[in-house]
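Hello,

Here is the structure we talked about handing over. Please look through it before reading the notes below.

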Amino acid sequence: MATFPEVIARLREFAPEMLAEKWDNVGLLVEPRNTTSTITNILLTIDLTEAVVAEARENGAQMIISYHPPIFAPLKRLTQASWKERIVIDCIRNDIAIYSPHTCWDNVTNGMNDWLAASLPYVDSRPILEHSVKPLCGAGRLCTVKDPIPERDAVQLIVKHMQLDCAMVSFAPSEQGNRLIRSYAVCAGSGASVLKGVQADMYITGEMSHHEVLEATSNGTCVVLLGHSNSERAFLSEFKYTLSCWLNDVTIRISKSDRDPMQLALRENAK
């Protein structure tokens with residue numbers, strides 16, 4: 001069995017907290033009463049919602065690894081008025097620890113952005129914004145494909161890799177899906193600030209604003225938007241395998257309640 005300190009050590013070994021962006025709030029956010037307790041059950045999620053906390057309770061999880069930190073802006077009080085405050089209260093009441101890696105996972109080698117980059121076959125990949133201490137780590141990835149791929153074929157490979165049914169695509173205006181992709185840049189989540197000005201045939205990210213998409217396509221870059229958390233969620237299966245190899249006596253589950261808050265609504269009786 002793994003102790004709580006051993007689990008924390010493994011998480012930090014995979015993605016040191018020093019890799020996080022300065023604005024982020026990563027690491028151990030809620031600590032259990034007994035800091036040397038045994039951990040037998042961990043729940044993985046992208047977003048920590050009340051439904052996910054309920055799922056953790058029902059499955060007897062002693063720890064939640066929530067990619068997005070549920071405590072980001074400082075909490076001035078803990079009341080029942082706010083859903084984020086209720087989450088923290090519920091976890092403390094049920095002695096469930098919360099650990100959030102967020103941009104540690106984004107920036108580390110073999111982390112979130114490397115997983116997103118693997119949606120297309122590439123011959124080289126490097127961080128768009130290198131980390132000051134670990135230059136092989138950093139925000140985003142800029143990749144060169146192994147063999148040029150038509151835009152529409154590239155989109156199909158991306159959707160399949162990310163285990164999604166669809167994606168939003170803005171093709172470069174000159175070719176409308178037929179241009180060959182030779183380079184691409186990725187950034188999980190909201191990638192506009194990282195991708196801005198990057199010279200690549202395609203951007204792959206979770207979300208960008210309307211005007212940011214217009215800017216990119218006007219410069220000849222195809223934009224593929226997967227949805228903020230949908231650009232991140234498939235990585236949980238990869239991380240589950242990694243963590244299971246380190247903690248082979250611990251039950252590790254991926255939340256079934258965790259999902260992107262935005263869903264497609266189809267018009268009824270559409271012809």
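The notes cover the two sheets, the helices on them, and one helix pair.

The model is predicted, with local features needing pLDDT of at least 70 and side-chain atom pairs counting only at pLDDT 80 or more, while totals for chains, interfaces and linings use all residues. Residues are numbered from 1 along each chain as its sequence is written, and side-chain values use heavy atoms, with hydrogens and water left out.

Helices (H or I, at least four residues) and strands (E, at least two) are DSSP runs, numbered from the N terminus. Strands pair if DSSP finds at least two bridges between them. Axes are lines fitted to C-alpha atoms, for helices over the stretch in contact, and angles run from 0 to 180 degrees between N-to-C directions. Contact means heavy atoms within 4.5 Å.

Six-stranded sheet

This sheet is open, with mixed pairing and the order 7-10-12-13-14-11. Strand 7 (122-126) and strand 11 (168-170) each have a single partner strand, so one side of each has no neighbour in the sheet. From one strand to the next the twist averages 25°. Three bridges join strand 11 to strand 14 (residues 222-225) in the antiparallel sense, and S170 is opposite V223 of strand 14. Helix 6 (residues 151-161) packs on the sheet and touches strands 10, 11, 12, 13 and 14, its direction making about 120° with that of strand 10. Helix 8 (residues 210-218) lies across strands 11, 13 and 14, at about 145° to strand 14.

Five-stranded sheet

The other open sheet has five strands in the order 2-6-5-4-15, again with mixed pairing. Its edges are strand 2 (27-30) and strand 15 (251-254), each of which pairs on one side only. Strand 4 (residues 41-45) pairs with strand 15 in the parallel sense over four bridges; there, I42 has I252 as its bridge partner. Helix 1 (residues 4-14) packs on this sheet, touching strands 2, 4, 5 and 6, and its direction makes about 15° with that of strand 5.

Helix pair

Helix 2 (residues 50-58) packs with helix 3 (residues 83-93) at an angle of about 10°, the axes being 10 Å apart. The two are therefore roughly parallel (angles under 35 degrees count as such). In the contact, E50, V53 and R57 of helix 2 meet W83, R86, I87, D90 and C91 of helix 3. These residues divide into four nonpolar, no polar and four charged (Ala, Val, Leu, Ile, Met, Phe, Trp, Tyr, Cys and Pro count as nonpolar, Asp, Glu, Lys and Arg as charged, and the others, Gly among them, as polar).

Regards

Key:
Parallel < 35°, antiparallel > 145°, perpendicular 65-115°, else oblique.
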